[in-house]
Amino acid sequence: MALAQPDPSGLLPQRIVPLRGTLATTACMETLQVGYLHAVAAAAGCSLSQPFPDNGIDWHVSHGAPGHTVDDEVTIKVQLKCTYQISPHPPGPTFAFTLDNAHLVKLARTPVSVHKILVVMLVPRSQDDWLRAGHERLDLRHCCYWTNLAGHAVTGRHRTTVRIPTTRIFDDRALCEIMKRVGAGGRP
């Protein structure tokens, strides 16, 4: 029996398409983005809590560090969204993402005592392309981007399109920088 060997990148070669479960694709997308958030929070040294009921905000992310001046631990609220309708590596400085106005109102409120960010994950259309595992790494595709929508106006009748900066990749370093700014009394 021959075993699959990693290619030079360290990833195992593509395999035969597995028999996937019947869970709705949107539910799987939600689970994938939560996995991404957990990985980023772990690498940044943050703790996560999930409000119950969520009331329009998915997660609270907390970061304790001796350098924080407003408190020894600061928290931000995170709203996750996931889509396959936007291609990876969006061209230009931003990409368009549409939110229900009720979500935007919650994310845009200002002033606040706990800052909020929107994290949008772009995934391939096919679940077969979402991740690949190898001996040296796990590739999770494609990417999450973040923005702070505080003060953003509602412009549509039921939904509003917001612009997400392509320079704001949501990873552990970005999360640490967000927490550093919040810990100093600033905005994300």
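## Ala 96 and its surroundings

In this predicted model, Ala 96 counts as partly exposed because its relative accessibility is 34%. The residue belongs to strand β4, which covers residues 94-100.

Beyond its neighbours within four places in sequence, Ala 96 touches Ile 86, Thr 161, Val 162 and Arg 163. One of these partners, Thr 161, stands 65 residues from Ala 96 in sequence, yet their C-alpha atoms are 6.2 Å apart in space.

## Cysteines

A search of the whole structure returns 0 disulfides. A disulfide is a covalent bond between the sulfur atoms of two cysteines. For Cys 143, the closest cysteine sulfur is that of Cys 144, and the distance of 6.6 Å is too far for a bond, since a disulfide requires the two sulfur atoms to be within 2.5 Å. Cys 144 is likewise in no disulfide, its nearest cysteine sulfur being that of Cys 143.

Cys 143 is buried, with 12% relative accessible area. Cys 144 also counts as buried, at 2% relative accessibility.

## The chain as a whole

The protein chain contains 3 helices and 9 strands. Read from the N terminus, the order of elements is α-β-β-β-β-α-β-β-β-β-β-α. The C-alpha trace spans about 60 × 45 × 35 Å along its principal axes. Among contacts with a separation of 6 or more, 65% join residues 24 or more positions apart.

## Surface and charge

Of the chain's 188 residues, 37% count as buried. The exposed area is about 11100 Å², with 54% of it supplied by carbon and sulfur atoms. The chain carries 19 positive and 15 negative side chains, and the centres of these two sets are 9 Å apart.

Definitions and conventions: Residues are numbered from 1 along each chain as its sequence is written. This is a predicted model: local features need pLDDT of at least 70, side-chain atom pairs count only at pLDDT 80 or more; totals for chains, interfaces and linings use all residues. Side-chain values use heavy atoms; hydrogens and water are left out. Helices (H or I, at least four residues) and strands (E, at least two) are DSSP runs, numbered from the N terminus. Buried means under 20% relative accessible area, exposed over 50%, partly exposed in between (1.4 Å probe, protein chains only). Contact means heavy atoms within 4.5 Å. Accessible areas come from the Shrake-Rupley method with a 1.4 Å probe; for residues, only the protein chains shown count as cover. Lys and Arg count as positive and Asp and Glu as negative; His and the chain ends are not counted. The place of a charge is taken as NZ of Lys, CZ of Arg, CG of Asp or CD of Glu.
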